[in-house]
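Please look at the model shown here, first as a whole and then piece by piece, while the text below leads you through its parts.

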2 protein chains.
Amino acid sequence: MNSPSYTIAAVERDTGLSKDVLRMWERRYGFPVPERDGHGERLYPAAQVERLCAIKRLMDQGYRPGKLIAMPVEELSSLAPRRGAQARTKGATVDEPGQEELLTLLRQHDANGFVQALQQQLARQGLQRFVQDIVAPLTQQVGDAWEDGNFEVFEEHLFTELTKRVLRQAVASLPQGRGSPRVLLTSVPDEQHMLGLLMVEALLALEGAECIPLGAQMPVLEISRAAAAHRADIVALSFSVAFPARQLPKLLEPLRAALPADIELWVGGSGVLRLNPPAGVRRFSSLDQGVEALAAWRSEHAG
Amino acid sequence: MNSPSYTIAAVERDTGLSKDVLRMWERRYGFPVPERDGHGERLYPAAQVERLCAIKRLMDQGYRPGKLIAMPVEELSSLAPRRGAQARTKGATVDEPGQEELLTLLRQHDANGFVQALQQQLARQGLQRFVQDIVAPLTQQVGDAWEDGNFEVFEEHLFTELTKRVLRQAVASLPQGRGSPRVLLTSVPDEQHMLGLLMVEALLALEGAECIPLGAQMPVLEISRAAAAHRADIVALSFSVAFPARQLPKLLEPLRAALPADIELWVGGSGVLRLNPPAGVRRFSSLDQGVEALAAWRSEHAG
DNA sequence: ATGCTCTGTTTGTCCTAGACAAATTTGTGC
DNA sequence: GCACAAATTTGTCTAGGACAAACAGAGCAT
């Protein structure tokens with residue numbers, strides 16, 4: 001029962017730290033220091049992988065690696081919130097009544113209870129308010145809790161999966177006609193979060209737009225081909241906080257150039273909040289703006 | 001209107017070829033030969049990226065890079081099937097009546113029509129036969145068509161997204177009680193395909209098992225924690241053909257070791273067909289086997 | 001005190017170039 | 001025609017160096 005070892009590829013897969021970063025840290029900070037196999041290749045003991053996971057999680061909360069690696073083991077006690085402690089308390093004030101109950105169900109791993117509670121809220125409030133007043137803040141809170149280390153990875157996954165189901169079900173029950181405009185919804189590679197996309201789809205479909213959901217992770221070159229094939233009027237992309245902000249302009253400019261000028265390009269999600277959008281790209285910082293923009297598009301193209 | 005350039009990171013993102021491979025090819029085969037920016041960093045012209053995409057697609061069909069890179073431009077004409085031309089004709093013989101219609105709707109990008117046709121089949125056949133006779137072969141055919149270059153990436157994405165919706169909706173409509181056994185369904189990082197997982201879930205849920213869907217891409221270390229938290233009896237993982245087969249044993253062994261011995265570990269999907277499963281890991285090569293294994297589990301744990 | 005710019009440090013990504021092993025193809029003997 | 005050995009192809013790993021973008025803190029202005 002000796003503890004298993006991980007190759008550098010396995011560590012990259014499990015921690016999300018790139019091979020380059022793992023080698024760099026070893027060179028620069030002296031951690032991790034993996035063993036070597038017969039061919040000089042790194043073999044990371046499980047203990048070091050666990051510590052790397054802990055470090056990564058704290059980094060995602062805003063700590064810097066230099067500090068974390070220097071710390072002995074009482075990092076675990078510094079699980080405290082860091083980035084956005086103020087935003088969190090602000091968020092707590094606009095708490096909906098059902099919010100706390102839903103979070104509690106998640107923490108108890110009660111999948112059935114959570115889905116039922118969600119569906120109850122949906123039935124009570126209607127889709128639009130459900131999305132704006134329940135799902136959006138809940139997603140925010142789960143994200144915050146995860147950043148604070150108050151949520152396990154698998155709890156967040158369960159939340160995402162179950163919420164996606166309820167939303168998709170609600171969208172599917174809407175009358176699906178040949179609406180206008182035709183909105184193509186997707187995300188770029190490296191961006192797998194779909195909840196925001198689904199929320200937008202729900203709101204736009206409610207307003208009678210025809211949504212073409214392509215799922216996540218569409219290669220950039222494919223997006224323009226898809227837009228042409230589906231005769232889309234608008235291409236809508238979603239970016240989560242996790243998306244590397246520096247890559248955004250370099251990604252959006254070629255895409256904008258590849259799309260015909262008469263197809264609008266909309267981007268939204270918490271990943272674009274700080275973005276200065278390139279010419280011809282419309283940035284949304286809230287769900288409401290999407291609905292407004294839809295109305296504006298219609299009056300513009302009324303002819 | 002000069003054509004945009006891509007950094008090596010962007011090319012990796014869009015083509016799926018790793019930075020290491022891109023540099024290696026340049027060194028070894030003399031293609032691609034990107035320009036350099038002021039700091040000596042690679043800048044790939046759009047034309048080279050397009051060609052790389054074409055090469056990658058043919059590689060996924062079984063061609064080898066050395067040949068493809070040598071070819072001038074008439075690679076495009078060699079779009080023909082290669083790997084599994086025999087499997088394809090074999091598959092075509094067991095064609096269901098609705099199959100061809102569904103594929104046609106996809107090729108016409110008729111999202112609404114496709115969903116309606118799917119739901120019609122579901123209503124007509126019932127969930128079990130719908131999964132086994134419609135969704136499973138259709139997935140196979142779409143995969144084959146994609147390998148042959150007869151499907152665009154975005155057409156495959158649309159298929160996946162719409163089919164997931166119909167399946168999830170069907171699963172959601174099943175009575176959700178406290179069933180037994182409790183089955184935790186997920187996939188490992190680098191494995192994002194969820195359709196297989198959903199098919200299994202549909203079949204198991206039909207039989208009254210309690211499924212805990214955690215979505216895709218769960219870090220290996222988290223899977224065992226999730227299994228404990230949800231008091232799972234069985235952990236079921238899905239692997240698509242695209243998953244690198246060599247990494248499988250190295251991935252499954254630590255996971256098996258980390259899981260308590262009384263929790264079974266089931267793996268399935270076309271990615272494990274050639275796998276010799278490690279001790280304590282059960283491999284499934286068809287959907288039926290899953291249902292059988294469920295019955296076997298129950299009689300074993302009848303006490 | 002709050003907001004700004006400027007500078008120094010931190011940190012990730014990119015670079016070159018060599019080595020080797022796993023997978024595949026090819027060649028050989030039966 | 002089939003099994004096994006040899007040669008090829010191909011991807012991933014290793015090493016250390018370089019540099020720019022992001023961040024933190026100092027100094028100055030409001």
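The paragraphs that follow begin with a single chain, then turn to the pair of chains, the DNA strands and some individual residues.

This is a predicted model, and a good place to start is chain A. Along its principal axes, the C-alpha trace of chain A spans about 70 × 45 × 35 Å, and the chain contains 13 helices and eight strands. Of the 303 residues in chain A, 34% are buried. When contacts in chain A between residues at least 6 apart in sequence are taken together, 69% of them join residues that are at least 24 apart.

Within chain A, five strands form an open sheet, and following the sheet across gives the order β5-β4-β6-β7-β8, with parallel pairing. The strands β5 and β8 (281-283) of chain A stand at the edges, where each has a single partner strand, so one side of each is left without a neighbour in the sheet. On average, neighbouring strands of this sheet are turned by 25° against each other, if direction is ignored. As background, strands of a sheet pair through backbone hydrogen bonds, and the pairing may be parallel or antiparallel.

Strand β4(A) is a useful one to follow in detail. Four bridges join β4 (residues 182-186) of chain A to β6 (residues 234-238) of chain A, and these two strands run parallel; in this pairing, Thr186(A) has Leu237(A) of β6(A) as its bridge partner. The pairing of β4(A) with β5(A) is also in the parallel sense and extends over four bridges, with Cys211(A) in β5(A) as the bridge partner of Val183(A). Strand β4(A) is mostly covered, since four of its five residues are buried. Just before this strand, the peptide bond from Ser180(A) to Pro181(A) is cis, with omega near -5°, and Pro181(A) lies in the loop between α9 and β4 of chain A. In chain B, the peptide bond from Ser180(B) to Pro181(B) is likewise cis, with omega near -5°.

How is chain A placed relative to chain B? Chain A can be laid on chain B with an RMSD of 0.1 Å by a turn of 180° and a shift of 0.0 Å along the axis, which means that the two chains have the relation of a two-fold axis. The same surface serves both copies, for 100% of the contact residues of chain A recur in chain B. Among the residues of chain A, Gln169(A) comes closest to the rotation axis, with its C-alpha at 2.9 Å.

The contact between the chains takes 40 residues from chain A and 40 residues from chain B. On the side of chain A that touches chain B, at least two residues each are supplied by several elements, including α1 (8-15), α7 (111-125) and α12 (247-258) of chain A, while α9(A) gives the most, with 10 residues. Sorted by class, this side of chain A has 20 nonpolar, nine polar and 11 charged residues.

Two DNA strands are also part of the model, and both chains contribute to their surroundings. DNA strand C is surrounded by 17 residues, and the closest are Arg64(A), Gly66(A), Ala9(B), Glu41(B) and Arg42(B). The largest share of the surface near DNA strand C, three residues, comes from α2(A), and by class this surface has five nonpolar, five polar and seven charged residues. Around DNA strand D there are 19 residues, of which the closest are Ala9(A), Arg42(A), Arg246(A), Arg64(B) and Gly66(B). The surface near DNA strand D divides into five nonpolar, five polar and nine charged residues.

Finally, a few single residues deserve a look. His109(A), in the loop between α6 (97-107) and α7 of chain A, has a phi near 60°, a positive value in a residue other than glycine; because 17 C-beta neighbours lie inside 10 Å, His109(A) counts as partly exposed. In chain B, Arg231(B) also has a positive phi, of about 50°, although it is not a glycine, and Arg231(B) is found in the loop between α11 (220-229) and β6 (234-238) of chain B. Is Arg231(B) buried or exposed? Arg231(B) counts as exposed, because it has 11 C-beta neighbours inside 10 Å.

Technical notes: Residues numbered from 1 in each chain as written. Chains lettered and ligands numbered in written order. Predicted model: local features only at pLDDT ≥ 70, side-chain atom pairs only at ≥ 80, totals over all residues. Least-squares fit on C-alpha atoms with pLDDT ≥ 70 in both. Contact = placed C-beta atoms within 7 Å. Nonpolar A, V, L, I, M, F, W, Y, C, P; charged D, E, K, R; others polar. Buried ≥ 20, exposed ≤ 12 C-beta atoms within 10 Å, placed from the backbone. Near = placed C-beta within 6 Å. Pairing = 2+ DSSP bridges. Axes fitted to C-alpha atoms, helices over the stretch in contact; angles between N-to-C directions.
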